[in-house]
Amino acid sequence: MKIKFLGAAHEVTGSYTLLTVGNYNVLIDCGLEQGPDIFENAPLPIAPGLIDFVLLTHAHIDHSGKIPLLVKNGFSGHIYTTSATTQLCSVMLLDSAHIQEQEAEWRSRKAKRTGNNDYTPLYTTEDAVAALKLFSSCDYVTQYKITENISIRFIDAGHLLGSASIEVTATEDGVTKVILFSGDLGNINRPLIKNPQKPEKADYVIIESTYGDSLHGPRPDYADQLSKVIQRTLDRGGNVVIPSFAVGRTQELLYLLRLIKENHMVKGHDSFPVYMDSPLAVEATKIYDGQLNDYYDDETLALLAKGINPIRFDDLRVAVTSDESRLINTDRTPKVIISASGMCEAGRIRHHLKHNLWRKDSTILFVGYQSQGTLGRILTDGVKGVTLFGEYVQVNAEIVKLEGISGHADRDMLIGWLNNIKVKPEYVFVNHGEDKVTEGFANLLCKYGYSAEAPFNGAEFDLIKNEKVLAGNSVKIEKKDNYKNNNNKPHNNATFDRLLSVGQRLLTIIDRKRSSSPKEIESLTGQITTLCNKYENNNK
Ligand SMILES: [Zn+2]
């Protein structure tokens with residue numbers, strides 16, 4: 001029984017962990033690395049076709065975004081997650097595929113002009129559609145036996161609609177261990193969703209540490225804070241531009257804006273317009289309108305019982321097409337604009353920044369975590385000017401960071417969550433935090449009597465012996481390019497890799513047939529022989 005850390009080790013994005021129990025290979029999350037990369041993800045040590053299952057903690061792309069690539073390269077097992085995560089992935093993975101296709105197309109156009117070869121997208125819409133067919137929805141709390149020696153249980157992580165911590169109960173050679181993956185843990189008292197559920201038992205814990213070095217402070221009155229920012233900006237005649245993740249944070253903002261409007265908390269600007277400018281946010285918001293009784297908190301359920309939609313109000317306007325998006329900036333009415341991406345690295349938000357950063361009367365309001373090196377972080381750090389679409393833009397707008405509205409638990413909440421486990425785990429692995437934060441948080445846990453460390457990508461541990469097998473790679477890297485240039489290769493490598501992966505999978509299936517009946521073995525042998533003969537004859 002082994003665990004291998006492949007991603008989000010000493011960094012925040014690209015969650016990717018392999019658990020091996022006997023013959024079974026289970027991936028916990030399969031996330032895309034986003035923003036500046038500091039450490040290289042470890043390569044998957046086996047062919048994707050040899051992964052038996054994926055367990056997915058939540059829909060955020062840094063946890064789910066590489067699933068279509070895994071499927072493209074030969075994975076065909078079940079992807080277990082909650083039903084809300086399945087629904088959110090159905091829009092988020094398609095959106096991600098669309099971004100990959102657009103980026104590859106843009107790079108190919110550029111490459112053509114310089115006489116270079118085409119780029120292939122990391123994966124396509126077709127790959128995302130194939131991946132979505134493998135999703136298998138689970139309820140919270142219920143234990144599911146997925147193999148003779150592995151059971152899984154999802155508990156609410158309170159981070160995003162459908163988010164979960166996953167408890168894996170695994171048996172190998174008569175020894176049973178409970179391995180608990182925290183996933184991203186939520187802040188408490190968030191709009192719409194419940195607080196993180198308390199874990200009960202674990203021999204090993206893999207815990208995130210995004211805010212492992214800081215405290216959110218006393219819980220602010222978000223609606224009050226937000227209304228004050230809107231009030232002073234609209235009074236000046238400017239716009240409030242909110243870079244926001246399209247899924248989760250945007251719906252929380254809509255919840256707060258409904259409250260603000262309902263209680264007339266902004267004076268003198270009745271019916272101020274609120275624009276949701278992101279096709280993904282619009283699609284995701286439709287999911288929030290669905291049947292989600294298992295996911296919403298009591299307050300939200302009470303509103304729904306009264307016939308109030310918690311995230312809809314008059315004056316909410318949506319921009320789906322790029323023409324609708326452009327029109328937002330031609331209309332001079334002071335307004336609130338919510339747009340993605342949340343860290344300003346891509347998407348329509350960059351257009352709104354171009355139109356508003358130079359304006360003294362506008363406000364750029366940050367409501368989420370800003371990763372090191374992102375445009376969002378640079379702006380919140382107080383830069384005086386930035387380059388957008390090749391143009392220098394002065395920063396004259398008010399830059400505000402709404403404190404405490406984080407979607408992640410802070411240091412003490414993380415420790416509190418861990419302390420719920422009655423018998424201290426044998427070992428705690430700290431991941432999903434910036435380099436020094438993971439180290440610091442692991443050291444802090446040691447001070448509290450835990451055995452803990454922050455493993456690097458590639459580190460491997462034997463969970464039966466409770467010992468490290470491989471140390472992992474602590475060397476920092478430059479940002480690696482995700483896109484493959486097809487450099488005169490005779491065939492599409494990804495397609496061939498997939499064939500190779502399926503071949504390796506077949507060998508594993510054969511290996512597992514040792515104890516099957518002679519009839520079954522003969523039947524399989526016959527089928528494989530037919531296939532081999534067919535392709536050998538084709539090549540003659
Ligand atoms: Zn997340």
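**Entry 1: domains**

Into which domains is the protein chain divided? I looked this up before anything else, keeping in mind that the model is a predicted one. The chain is divided into domain 1, which takes in residues 2-215 + 407-484, domain 2, which covers 229-401, and domain 3, which covers 493-539. I then looked up how far domain 2 lies from domain 3, and found that their centres, taken over C-alpha atoms, are separated by 53 Å.

**Entry 2: the largest nonpolar core**

Next I turned to the largest nonpolar core, which holds 137 residues, and noted that the members touching the most others are Val 54, Leu 55, Leu 88, Ile 179, Ile 242, Val 336 and Val 428. Helix H3, residues 83-113, gives this core its largest share, namely seven residues. I also noted that domain 1 and domain 2 each supply at least three residues to this core.

I picked Val 428 from that list and asked which residues it is in contact with, leaving aside neighbours within four places in sequence. I found Val 205, Ile 207, Leu 445, Tyr 450, Ser 451 and Ala 452.

**Entry 3: H3 against H7**

Since H3 had come up in the core, I followed it to helix H7, residues 279-288, and found that the two helices pack at an angle of about 170°, with their axes 9 Å apart. An angle over 145 degrees counts as roughly antiparallel, and H3 and H7 are therefore roughly antiparallel to each other. On the H3 side I listed Gln 87, Leu 88, Val 91 and Asp 95, which meet Leu 280, Glu 283, Ala 284 and Ile 287 on the H7 side. Sorted by class, the residues of this contact are five nonpolar, one polar and two charged.

**Entry 4: H5 against H6**

For a second helix pair I took H5, residues 222-236, and H6, residues 249-262, whose axes come within 9 Å and cross at roughly 75°. That crossing makes H5 roughly perpendicular to H6, because angles of 65 to 115 degrees are counted that way. Here Tyr 222, Ala 223, Leu 226 and Ser 227 of H5 meet Leu 256, Leu 259 and Ile 260 of H6. By class I wrote down six nonpolar residues, one polar residue and no charged ones for the contact of H5 with H6.

**Entry 5: backbone details**

I then went through the backbone, and noted a cis peptide bond that joins Ala 340 and Ser 341, with omega at about 10°. Ser 341 has its place in the loop between strand E16 (336-339) and helix H10 (349-356).

Ala 8 is a residue other than glycine with a positive phi, near 55°, and its place is in the loop between strand E1 (2-7) and strand E2 (16-21). Is Ala 8 buried or exposed? With 27 C-beta neighbours inside 10 Å, Ala 8 counts as buried, because the cut-off for that class is 20 or more.

Leu 192 likewise has a positive phi without being glycine, with a value near 70°. I located Leu 192 in the loop between strand E11 (175-181) and strand E12 (204-208), and it is buried, with 21 other C-beta atoms within 10 Å.

**Entry 6: three single residues**

Val 178 lies in strand E11, and I found it partly exposed, with 19 other C-beta atoms within 10 Å. Beyond its neighbours within four places in sequence, Val 178 is in contact with Glu 167, Thr 169, Lys 201, Ala 202 and Asp 203. I also looked up Val 178 against Arg 512, and the pair is 334 residues apart in sequence and 25 Å apart in space, C-alpha to C-alpha.

Asn 356 has its place in helix H10 and counts as buried, with 21 C-beta neighbours inside 10 Å. Not counting residues up to four places away in sequence, Asn 356 touches Asn 239, Val 241, Ser 362, Ile 364 and Ala 397. The C-alpha atoms of Asn 356 and Gln 394, 38 residues apart along the chain, are separated by 9.8 Å.

Glu 403, my last residue, lies in the loop between strand E20 (398-401) and helix H12 (411-419), and it is partly exposed, with 13 other C-beta atoms within 10 Å. Setting aside residues up to four places away in sequence, I found that Glu 403 touches Gly 217 and Pro 220.

Conventions:
Residues numbered from 1 in each chain as written. Predicted model: local features only at pLDDT ≥ 70, side-chain atom pairs only at ≥ 80, totals over all residues. Domains from an automatic or database assignment. Core = buried A, V, L, I, M, F, W, Y, C linked by C-beta atoms within 7 Å. Buried ≥ 20, exposed ≤ 12 C-beta atoms within 10 Å, placed from the backbone. Helix = DSSP H or I, 4+ residues; strand = E, 2+ residues; numbered from the N terminus. Contact = placed C-beta atoms within 7 Å. Axes fitted to C-alpha atoms, helices over the stretch in contact; angles between N-to-C directions. Parallel < 35°, antiparallel > 145°, perpendicular 65-115°, else oblique. Nonpolar A, V, L, I, M, F, W, Y, C, P; charged D, E, K, R; others polar.
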